[in-house]
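Student: Please pick one part of this model and look at it closely. Start with what it pairs with, then say how it sits in the rest of its chain.

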Amino acid sequence: MFFAIPLLIVALGGVFTERGGVTNIALDGMMIMGAFTGIFFINQMEGQMSGQLLLIIAILISTVTGIIFSLLHAYASINMKSDQIISGTALNMFAPAFAIFTARMIQPNGVQQIQFINSFRIPKVPVLGDIPILGGLFFQNAYITTYLGFIILVISVIVLYKTKFGLRLRACGEHPHAADSVGINVYKMRYAGVMISGALAGLGGLVFVVPTSTNFNATVSGYGFLALAVMIFGQWKPLRVLFAALFFGLMKTVASAYSVIPFLAMTAIPSDLYKMVPFIATLIVLAFSSKASQAPRAVAVPYDKGSR
Amino acid sequence: MEYVIEMLNITKAFPGIIANDDITLQLRKGEIHALLGENGAGKSTLMSVLFGLYKPEKGIIKKEGNVVKINNPNDANDLGIGMVHQHFKLVHNFTVLQNIILGVETTKGGFLEMEEPRKKVLALSEQYGLKVDPDALIEDITVGMQQRVEILKMLYRDNEILIFDEPTAVLTPQEIEELMKIMRGLTEEGKSILFITHKLNEIKAVADRVTVLRKGKYVGTVEVCTTSKEEMSEMMVGRKVHFAVEKKASSSGVVTFEVKNLVVPSKRSSKKAVNNVSFDVRKGEIVCIAGIDGNGQSELVYALTGLGPVESGHIFLKGKEITKMSVRDRNVLSMSHIPEDRHKDGLVLDYTLSENLILKKYYTPQYQHNGFIRFNEVDAYAERLIKEFDIRTGEGAKTIVRSMSGGNQQKTIVAREVDYDPEILIAVQPTRGLDVGAIEYIHKQLVEQRDAGKAVLLISLELDEVMNVSDRILVIFEGEIVADLKPEETTIQELGLYMSGSKRKEVAI
Amino acid sequence: MKTVRDFILSDAFNKTAASVFAIVIGLVFGFIVLLVSNSSEAVHGFGIILNGGFSTGAKGMGQVLYFATPLILTGLSVGFAFKTGLFNIGAPGQFIMGAFTAVYIGVQWTFLPAPLHWIVALIAAALVGGLWALVPGILKAYMNVHEVISTIMMNYIGMYLANYLVKVSIYDFKKGLSMNVADSAVLPKGGLDYIFYNPLGTVKDMSTVNCGIYIAIAVAIIMYFVINKTTFGYELKACGFNQNASRYAGINAQLNVVLSMVIAGMLAGLGGGLLYLSGASGRHIKVVDVLAIEGFNGIPVALLGLSNPIGIIFAAIFISYITVGGNFLQTLNFVPEVIDIIIACIIYFSAFALYFRKLLPRLLKKERGDKE
């Protein structure tokens, strides 16, 4: 579950930007930036605040960081009509370098990792935590971020399919000229899509780090890219993305927790190979699902008014 | 007389070209006003200015006597101006209803509200006789219906001034007649129509007046009923034009190319794209397959040239079975192909002219040695073709093809394919989007090939071209050959009936 | 005057100017970062970066060439893929797999004498790199999987796999690195040891540069010929520009996609081999969960070099130059990651290049008037 939720959040972010027509492979970098600022905030403020309030503010900071960082990608892709993969790659390289650089400059002793104390775990939600099976899964040892993930999912579905914004955004991703010809500002729509993906990716970065470790080392282990795969596997539809995210989350959980699962622990497969599992699984899944893949038609093509 | 729209002294320039040079257009209320000109004359640009897609460098627009500024389609819409584009601007995986309301959605508390729009659309559909299914997906409906959706888009927004950009390019003669009726109906309800075309027949059929543009400049505005087609054509082109193609009597001999019981599957549905088609082409003959876009021609040609799949059936060239041969082998066996989409299939736009000219020959011993390209030979070849076929470019053989005009790009492909000296030349819509001069030239080339004893298979939906150029006409409808006619024994009307499936003739092979 | 104008309007100048522009902006940004973090030393620090390899004397220059070697190859890898219409972000994975193969052979296959030993190691490195790109290539050609994602997956798989394999076969536990390769597997100096060293009293402080740089440059030149002068290059480029037209011309587009990826992979793999076969004082494989930066840096090299092999040579030397300078920054208490930031900025701004390239001719054309 801890692995699935960040995937879900970030992948939904990817859905929004790609539905608008901009491909964002810098999700990984945005996660790192979001995680960095959020964790750093927690690290600095631990002495003074704690508990859920600390986490909530950190969430806000991460989200805002993500939005700001995504503006770089938006500007390059939309205004400058640059190759979206290149600008995405640039941001992916920038983020960890920046995180390490700043961490070492600011922290005493030039230490690269940022520590934090995890004071956010909710051992058990009253009442709901007692529901058999589901209670154990969702309402024990949880974080508010888990619930946040589901809320985001629901909102995404509604926004994408039931609102004016969602309809227009989808039009921009499929046929920007059609949208333009009915007076929709394609640039603005695409900006919105990218910013949403930045927000969700930044948030996702924080959500990824908090439950699973006690320090941040300028990496999210390639999660941003896994999120892209989840998005493709989910065929850009929020509900399917949920299932894809759960599937991958399961894979990753198995990979990390193999020592706890009796029969797997007996086979002496080393940890490195387990780490590979999510990525191999992704490849296999992509191999089978890409043939009939229906990406938004105008994705990754810079919108040029003059071209007809 | 009150003009409802006036475009005065409009100048619009793009990098390197002045698309509209000081043009004046005046539209009376309730009239159908045609805008005539060749491809590239500036008609679409002018209308895009009116619709707010482009901003002119100079000039003003007036509505009912008042100067107005149209900066984007919303402004145009507010003024009651609507446009049906030549390339439909519909989102393929949205429904008809969603496409109609896009941009002017009604919302309730932030959520889309669809019931009101649905009622309005159905009412409009009744009023103007435009049949549509609001919940059908665009990608599933016919082109004719898609066009009706575009028209409904305008009516839904209460547009009074309607612009049609080359609306008949994709319609059968019968659908064209229907469209003409719809247009007249619209003007009777008080709408004013601007109608872009390069087809003189249609102007004669519905328009009241016509404004002619040539190479971005304004030539004149005349009353349709007092002007002949020849006069209009001369205004459009600047010189007298031959309509008929001169050719000798055909001398068909041996069968060179044979197709037997060809079946090609469709990507979209379980119906076959090509369903049990058989025909042959003889030496020294031009056979034309006529039909509305989307009736299986593309799949047929792809199957014949090796670019697409064949489910069953046989294809023979010079007696040899080529059904399963690779594209290269077919080329080597002497098949040439002028493709439907020159940008997609026929040219590598980012390559130079000479690199494109050797696209099918680069691996032959003449042009390479041990894998290394012999650039001297390549350049010499390119120079020869440029001269022979009069291909006009900025920098000769080194020009990047992307920067060449459509006509010259097509000439490049024609030069390459004709010089290949094939036994069978398959030409698909070879004159699409070209100006009259280029069209004349290409027709001449096709006839020359045929006179030299080659077999030519022409796919076209320009009925004038079909009637003038071919020796035999095969009509294709829904993947089947429904007629085998000689041009002198039929009329355009009859062809139209076959093309729309209203008539069938037993084809004996 | 006309010729000067023509030159400025020409494509080549345009593209080079765009690259230079991106570099300048990247450096400026880096300077700002230095300024923000330690303004008193910023100028000095920036000077060190600009001084690059020279900051540490002749040995430094040697190191520049040493680190440029793998960059030339990963740059070629990415650039070659670009030219054929593909985006090879999988260079890090191909690189590290090639590196492992080379080191493994270097350590274990001691039955081979020099020079055969290192030659075999290099060839094997290239082959494994190519193999690593084969999977994404096939997936793209036949199953329409986007090569960006599949190569990124292969990067991580490669990283973990390489770490694992090093640990079980050629690991030096004390140092946490791969073991030293046998002397017979070390690339010979090829005369370069006479130039690139700093004298330290009576001892030579040797740079680790070796004939690898010769090999890299030779490969670049070969690639130049292949791409521009052969029918094979013609086919690959055609596929990259327009797959449909290539099929129309009778070219087997799918096979070419696979071939392009494999060749790109081989180049990156070879780069891995060249870097790590440098003897005891040179590089060893670190067993950490970090993707090979040399692989990623192939991207800016390819972009700056405009995917042209000769340009790539220069771009690689440039990136290596500022990287070496950056390492030296640590003496001033600056964090060397600033170099990575600069490089990331360069990539970012070179993505603007398209815009810039359209802008410049338009500005000049307006003065000239219309050209029809």
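**A buried strand and its chain**

Tutor: Strand E6 (residues 81-84) of chain B pairs with E9(B) in the parallel sense, and the two share four bridges. Pairing here requires at least two bridges found by DSSP, and the elements are DSSP runs numbered from the N terminus (helices: H or I, at least four residues; strands: E, at least two). This is a predicted model, in which local features need pLDDT of at least 70 and side-chain atom pairs count only at pLDDT 80 or more, while totals for chains, interfaces and linings use all residues. Residues are numbered from 1 along each chain as its sequence is written, with chains lettered from A and ligands numbered from 1 in the order in which they are written.

Within the pairing with E6(B), the residue opposite Ile163(B) of E9(B) is Met83(B). E9(B) also has strand E10 (residues 192-197) of chain B as a partner, again in the parallel sense, over five bridges. There Ile161(B) stands opposite Ser192(B) of E10(B).

Strand E9 of chain B covers residues 161-165, and five of its five residues are buried, so the strand is largely enclosed by the rest of the structure. Buried means 20 or more other C-beta atoms, placed from the backbone, within 10 Å of the residue's own (exposed: 12 or fewer; partly exposed: in between). In a regular strand the side chains alternate between the two faces of the sheet. In E9(B), Ile161(B), Ile163(B) and Asp165(B) point one way, while Leu162(B) and Phe164(B) point the other way; all of them are buried. Asp165(B) is thus listed with the buried residues, on the side to which Ile161(B) and Ile163(B) point.

Now the chain around this strand. Chain B contains 17 helices and 24 strands. Of its 509 residues, 47% are buried. Taken along the principal axes, the C-alpha atoms of chain B fill a box of roughly 70 × 50 × 50 Å. Among contacts in chain B with a separation of 6 or more, 68% join residues 24 or more positions apart; a contact means C-beta atoms, placed from the backbone, within 7 Å.

Another part of chain B is an open sheet of six strands, ordered E18-E21-E22-E15-E23-E24, with mixed pairing. Its edges are strand E18 (335-338) and strand E24 (480-485) of chain B; each has a single partner strand, so one side of each is left without a neighbour in the sheet. Neighbouring strands in this sheet are turned against each other by 20° on average, direction ignored. At the E24(B) edge, strand E23 (residues 472-477) of chain B pairs with E24(B) in the antiparallel sense over five bridges. Phe477(B) faces Glu480(B) of E24(B) across that pairing.

Two helices lie across strands of this sheet. Helix H15 (residues 436-451) of chain B lies across strand E15 (285-290), strand E21 (424-428) and strand E22 (455-460) of chain B, and runs at about 150° to E22(B). Helix H17 (residues 492-499) of chain B lies across E15, E23 and E24 of chain B, at about 35° to E23(B). These angles run from 0 to 180 degrees between N-to-C directions, and axes are lines fitted to C-alpha atoms, for helices over the stretch in contact.
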